[in-house]
Structure formats: C-alpha cells, structure tokens
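Reader: I should like to learn how the features of a small set of coordinates are read, one after another. Could we take a single chain as the example?

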Amino acid sequence: MEKWGLGDFAEKPLSILSGGQRQLVNLARALVIKPGIVIIDECFSSMNENMAKGSG
C-alpha cells in the first residue's frame with residue numbers, strides 16, 4: 001500500500017472510500033500478485049487527476 005501511496009487507506013473499510021480510491025486499492029490488490037496480464041475497464045474513470053497521477 002505504501003509503495004503506491006495508499007497507506008492512508010490501509011485501515012479504512014472500502015465502503016467509506018470514494019469510487020476512485022476504491023479503484024486504486026483494487027488495482028493495487030491486482031498488481032500485488034504479479035499477474036502476467038491485467039485486463040481493466042475504465043480503471044481511472046472515477047479518479048481525479050491527482051489520484052490518477054499517484055499524488056494523492
């Protein structure tokens with residue numbers, strides 16, 4: 001979580017995070033297992049510009 005700047009979300013339930021924050025957490029979960037391929041659909045649609053760039 002810290003690697004991707006998501007440490008603030010670690011102890012929070014997903015139900016209180018914004019849609020964009022949930023998308024970031026779910027993307028990080030997918031990448032942690034180091035899959036050969038990840039197929040995502042509109043992965044950044046609910047994120048503001050700063051979240052999509054990884055700066056918060």
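Author: The dialogue below goes from the overall fold to one helix, then to a loop and the surface. The model is predicted.

Reader: How many helices and strands are in the chain?

Author: The chain holds 2 helices and 0 strands. Of its 56 residues, 20% are buried.

Reader: What part of the exposed area do carbon and sulfur atoms supply?

Author: The chain exposes about 4300 Å², and carbon and sulfur atoms account for 52% of that area. As for contacts between residues at least 6 apart in sequence, 30% join residues at least 24 apart.

Reader: How many residues has α1, and what does it reach from its first C-alpha to its last?

Author: The span of a helix is read against an expected rise of 1.5 Å a residue. Here α1 has 14 residues and reaches 20 Å, close to the 20 Å expected.

Reader: Which residues of α1 are buried, and why do they line one face of the helix?

Author: The general idea comes from helical periodicity. An α-helix has 3.6 residues a turn, so residues three or four places apart point the same way. In α1 the buried residues are Gly20, Leu24, Val25, Leu27 and Ala28. Seen down the axis of α1, these buried residues fall within an arc of 160°, so they line one face of the helix.

Reader: Where does glycine 5 lie, and is it buried or exposed?

Author: Glycine 5 is in the segment before α1. Its relative accessible area is 56%, and exposed means over 50%, so glycine 5 counts as exposed. Glycine 5 and leucine 24, a buried residue of α1, are 19 residues apart in sequence and 9.8 Å apart in space, C-alpha to C-alpha.

Reader: What is the phi of lysine 34, and where does this residue lie?

Author: The sign of phi is read together with the residue type. Lysine 34 has a phi near 50°, a positive value in a residue other than glycine. Lysine 34 follows α1 and lies in the loop between α1 and α2. At 71% relative accessibility, lysine 34 is exposed.

Reader: Which residues make the nonpolar surface patch?

Author: A patch of about 540 Å² is made by Trp4, Leu31, Val32, Ile33, Val38 and Ile40. One of these, isoleucine 33, is found in the loop between α1 (19-32) and α2 (49-53). Isoleucine 33 is exposed, with a relative accessible area of 67%.

Key: Residues numbered from 1 in each chain as written. Predicted model: local features only at pLDDT ≥ 70, side-chain atom pairs only at ≥ 80, totals over all residues. Heavy atoms only, no water. Patch = residues over 30% accessible without salt bridge, like charges linked within 9 Å, V, L, I, M, F, W, Y side chains within 5 Å. Areas by Shrake-Rupley, 256 points an atom, 1.4 Å probe, with all protein chains shown as cover. Salt bridge = Lys/Arg side-chain N within 4 Å of Asp/Glu carboxyl O. Helix = DSSP H or I, 4+ residues; strand = E, 2+ residues; numbered from the N terminus. Buried < 20%, exposed > 50% of the residue type's maximum accessible area, 1.4 Å probe, protein only. Contact = heavy atoms within 4.5 Å. Expected span 1.5 Å × (residues − 1). Arc of directions from axis to C-beta.
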